[in-house]
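Here is a report on one molecular structure. Keep the 3D view open while you read.

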Amino acid sequence: MRIQRAIPYVLGAALAGVLPLLTGAYLEQVAGSTMIYLTLALSWDMLLRSGQLGFGTHGFFGLGSYAAVLLFLETDIHPFLSIAFGGLVAGAVATLIGLAVLRLRGMYFAITTLALASIFSVVLRNLPQVSGGPEGKMLPSCIYAGDTTKVYWLILGLALLTIVVSEVFERTRIHLALTSIRNDERVAKTSGVNVFWYLVFVFAVTSAIQGIAGGTYAHVFGFVSPEGSFSANFLLLPLAMALLGGIHSTWGPVLGGLVLGALSEYLKLQIPYGHLLVYGAIIVIVTLFLPQGIRGMLRAAMRRVPSARGEKP
Amino acid sequence: MRLLRTMRRGQWVLLAVTGGIVVLLMLWKPYALIEGIQRGGLYALIALPMALILGVVGIINLAHGEFMMLGAYAAYWFRVSAGVDPLVAMIPALGAFFLVGAVTYWLTIRRALKAPELNQLLLTFGMAMVGAEFANLMWTSQPRKPSLSYVYSSMALGQLRFGTYAFIYTAGAIVLLIVLLAFLRRTRLGRAALAVGQNPRGARLVGIDVNRTYLLIFGLSIALVGAIGAMFLTRHSVFPSAGSPFTMKSFCLIAMSGIGNLPGIVWGGFGLGVAEAIVLSFRGYGGWADVVFFAVLVAVIMARSYRRHAA
Amino acid sequence: MKRMLALAVLVMLGAGLVAVGQDTIKLGAVLPLADITGAQGSKAMQLAVDEINAAGGILGRQLELIVIDDENKPEKGAAAIDLLATVHNVDVFIGGMSSGVHLGQIPTLKKYEKVTVWIGAASSLVEQAVVGLDWYFHVHPWDYLQGASYVEGWAAIAEEYPLIQIEKAFWAYEEGAFGTSSFQGSLVAHADWENIGESFKSALLGGGDYRSVLRHAQEEDPDIFIWVGYGADALPIMEQAREIGFTPALFVGSPPGWPADFGESPLANGVVAYGMWAPSIKDVSPVSQHFWDAYIAAFGEEPATYFAPLGYTNVYVVAEAITRAGTLDREPLIEALEATNYVSPLGETLTFSPSNLIEHQGFSKQKILQWQNGAQQVLWPFEYATALPMYPFTGR
């Protein structure tokens, strides 16, 4: 039974893996950058499942990029190790910060994480000896020398890993704990959930994922800079993807990420001047008419179709 | 949500400390004090309408800065096509942007209020994109600003020579605060808005038309920020992305003062403005001004949270 | 209904992928289309393509321009290169604006090794990234070349007009990559000046209060005050300088583009502008005049950024090289590009020669311009000069 349930996922992953053999470099490149954003969207949602609204995705993304690039330039270790180091630094910083700020809730937590992301970028900009200052640092060569297929597999691996972590969060005790914290903290406490440490743990894990995504991005494109690596794009686009796809789930952000990633590229080619207007309008319209996100709409549609296997609708 | 607070004894102490700091600054860094209050006034002025929406309707309006940017473009258009001064254009902007706000509320926000809370973030994010791109298609990304001779008026006090026009933002923030407080305390609509902000269901029970209150408050806030856009244009260039940094600054100020604390926004704005100006006044350390802004913000939020936990 | 749907699908597929015939020569351009630089640059490219095609094309074939938006994001810029290379099969890559986007594109460009003629990306980091690429041609002057060019310019001006002597300079630069790299490049170049620098937050990024920097400049009393920022800073800086009573003898602005109607402000009169191009160059250059008239006739607006003449130049340089080479093969085309000698609408004749690190650098000179009575006039190089310098700056 368990094996049977896993089949569609394994098939999906295998399909995603062989996709580059069927398409060209262009689609690989688009799919790769979409999956970076998708990873951020999913990690943002994983924290949201505890009720904490994080606005610091771009901060940990940038921190991870810088950590990975600086370590790589200093020591010349394998890129993978430096990417992992990026995740480690982001996770460690998140743990330290989390100990202080995870007592905050709602908007106050959100704005604090946003402020911290800005502080990271300004501090790095103002330390030119360490970080290269406003111009940033360049890598002598990119990972896999820019081979799009290998880069695609690398990012796919990152996305799959994030999906697995997210599913682990969904299917273990963590899910119950986080959901109860989100719904009513007092109830969670009385039922024996250590609210604070759960929050610190989730904040550290999701920030580490964002740091790994940042390190990967930096190695793929070969540079870091305060303006580029801490761009608000790495906050706003993932947020839109998760919300559009449907929050509090693994597949919502994944769907939202794939749809928005494809949509933005498609609109850009069809409407060279002014595609962002249409993109924004679509976001507005979808929000209004699909309040539960794409995932919610699909689930509602599935419920209407009687199941072929005779299960309860 | 409490939109109003009465003065407590602790606040008198705070006032005295503030007074002391002001006097010290006047002697030590007069320019930082003057220019800090001016730039802080602008921050507070733009944040106040956003706080009104957040306090009453309960929405973080990510398109706030974009409405201001569109207000600035409207004033620019008035200036170019009819020669109207931007400060005069504030009056038609109030009316026009009330309509813009009311229609926006009717078409979009109203429908999203019943949806999960975070949908409003996505909705206003989409609106911000539409607004910025609309401006880009209309006026391109080339910055625009009318040339106005009164904006560089200045005065000399002994050795000090400083600009006087930018006090318009300081004065504007204080006047808007007083008007908003009076509106919320003294008028029927204002009191209804307060009640709705605190408890929409309860307000409905006592016969307040919640939807209409939301509509009027949203329209009013957008009207205000549109008019503020015209005022912004007198001293700043407008371009499609001119508004978005102010959305974030406003959000920061509101979080720093606590939701529902309108006076706190004005004092917080002045405080942050002066703190930034002090950093800027040290040569070679201007790049750290942002860190100070955010560090003060985080410190205040944390301090308030710990005080609450201790209590 | 079904037919409508089928038609819609066909149109969508058709518009993006299959364009004119297969025997066109394809130029693939990547530009930020939401920015005025990319918007006007791409229009000017199309203008050049239309002109060339109207005159019979090249090698008996028509030119085709495919423009992809990079949205000012590195990953979008890199995907655009892949799209142009694999789906459109373009023959040459052109375009470019931001250095930050271009750094992310270089790994992808290296994959295809197609001839690339780039008009943007002035950062010397980019130069380090393209060392040793024989198919890479860079048109825009690198940041340090710009600095060196102004050194030459001021020396020439001081010689011609002995009244104008500079010993002490104050630089106010925007705190991001653009301002900082310009300042650092200038520090090296202007070694004979006493240079003082301070950064400010550009209005483009939410700043807009320059008074503390201006006061520090005023305390130093420099012979020349130079701000390096964006167009959004231009008029507010002038107004705030006036507010605190700061009137250096030379007030210089170095934004990538000036705001609309800057010249209409009384404060603009006498402001020196650093740049590559000004509309007034049309008075001394027939090519520039032709470009100006043709652009306005085609699009009903005036070129407002130097990326318009740069984009036009970009297409002509490539087209002329293909004509000279007589083929699209890489080696002969590179050789033909190396022999480029194109009289550009920017004034200068474009040739390629080595810069510090790369073999194929195009322009190396900038121009010293001055706002006089509402228009930018050329002060230096003297061969394109359209007016005499106004000195000193009075601020009114």
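## A loop in chain A

A:Tyr144 sits in the loop between strand 1 (137–138) and helix 7 (148–171) of chain A. This is a predicted model. The phi angle of A:Tyr144 is near 55°, a positive value in a residue other than glycine. Is A:Tyr144 buried or exposed, or something in between? A:Tyr144 has 17 C-beta neighbours inside 10 Å, so this residue counts as partly exposed.

Chain C offers a similar case. C:Asp221 is not a glycine, yet its phi is positive, about 50°. Look for C:Asp221 in the loop between helix 8 (211–220) and strand 8 of chain C. C:Asp221 counts as exposed because it has 12 C-beta neighbours inside 10 Å. The cut-off matters here: a residue is exposed if 12 or fewer other C-beta atoms lie within 10 Å of its own.

## Two chains in outline

Now step back to whole chains. The table sets out chain A and chain C.

| Chain | Helices and strands | Box of C-alpha atoms | Buried residues |
|---|---|---|---|
| Chain A | 15 helices and 2 strands | about 65 × 50 × 40 Å | 58% of the 313 residues |
| Chain C | 12 helices and 14 strands | roughly 70 × 50 × 40 Å | 61% of the 396 residues |

How does the radius of gyration of chain A fit a compact globule? A compact globule with 313 residues would have a radius of gyration near 20 Å, and chain A has 20 Å, so the two agree. For chain C, with 396 residues, the globule value is near 21 Å; the chain has 22 Å, which agrees.

Contacts also link distant parts of each sequence. Take the contacts in chain A with a separation of 6 or more: residues 24 or more positions apart account for 76% of them. In chain C, the share on this basis is 70%.

## Strands in chain C

Start with strand 1 (residues 25–31) of chain C. It runs parallel to strand 2 of chain C, and 7 bridges join the pair. C:Leu31 stands opposite C:Asp69, which belongs to strand 2. Strand 2 (residues 63–69) of chain C is mostly covered, with 6 of its 7 residues buried. Helix 2 (residues 36–54) of chain C joins these two strands in a right-handed β-α-β unit.

Next, find strand 6 (residues 168–174) of chain C. Why is strand 6 of chain C described as largely enclosed by the rest of the structure? Because 6 of its 7 residues are buried. Strand 6 pairs with strand 7 (residues 194–200) of chain C in the parallel sense, over 7 bridges. Within that pairing, C:Lys168 has C:Glu194 of strand 7 as its bridge partner. The chain passes from strand 6 through helix 7 (residues 177–189) of chain C to strand 7, in a right-handed β-α-β crossover.

Strand 6 of chain C also pairs with strand 8 (residues 224–228) of chain C, again parallel, over 5 bridges. Here C:Trp171 stands opposite C:Ile226 of strand 8.

Further along come two cis peptide bonds. One joins C:Trp380 and C:Pro381, with omega about 5°. C:Pro381 lies in the segment after strand 14 (375–380) of chain C. Another joins C:Tyr391 and C:Pro392, with omega about -10°. C:Pro392 also lies in the segment after strand 14 of chain C.

## Where chains meet

How many residues of chain A are in contact with chain B? There are 31, and they meet 34 residues of chain B. Helix 5 (106–125), helix 12 (233–245) and helix 14 (275–289) of chain A each supply at least two residues to this side of chain A. Helix 5 gives the largest share, 11 residues. By class, this side of chain A has 23 nonpolar, 6 polar and 2 charged residues.

Chain B also touches chain C. This contact takes 28 residues from chain B and 35 residues from chain C. Helix 2, strand 2 (160–163) and helix 11 (262–281) of chain B each give two or more residues to the chain B side. That side has 8 nonpolar, 13 polar and 7 charged residues.

## The largest nonpolar core

The largest nonpolar core has 335 residues, of which A:Ala240, B:Leu48 and B:Ala72 touch the most other members. Helix 2 (residues 30–56) of chain B gives the most to this core, 17 residues. Leaving out residues up to four places away in sequence, B:Ala72 touches several residues, including B:Gly229, B:Phe232 and B:Leu233.

How values were computed
Residues are numbered from 1 along each chain as its sequence is written. Chains are lettered from A and ligands numbered from 1 in the order in which they are written. This is a predicted model: local features need pLDDT of at least 70, side-chain atom pairs count only at pLDDT 80 or more; totals for chains, interfaces and linings use all residues. Two residues are in contact if their C-beta atoms, placed from the backbone, lie within 7 Å. Helices (H or I, at least four residues) and strands (E, at least two) are DSSP runs, numbered from the N terminus. Ala, Val, Leu, Ile, Met, Phe, Trp, Tyr, Cys and Pro count as nonpolar, Asp, Glu, Lys and Arg as charged, and the others, Gly among them, as polar. The radius of gyration is taken over C-alpha atoms; the globule rule is 2.2 Å times the number of residues to the power 0.38. A residue is buried if 20 or more other C-beta atoms lie within 10 Å of its own, exposed if 12 or fewer, and partly exposed in between; C-beta atoms are placed from the backbone. Two strands pair if DSSP finds at least two bridges between them. A crossover is right-handed if, with the strands pointing away from the viewer, the path from the first strand over the helix to the second runs clockwise. A nonpolar core is a set of buried Ala, Val, Leu, Ile, Met, Phe, Trp, Tyr and Cys residues joined through C-beta atoms within 7 Å.
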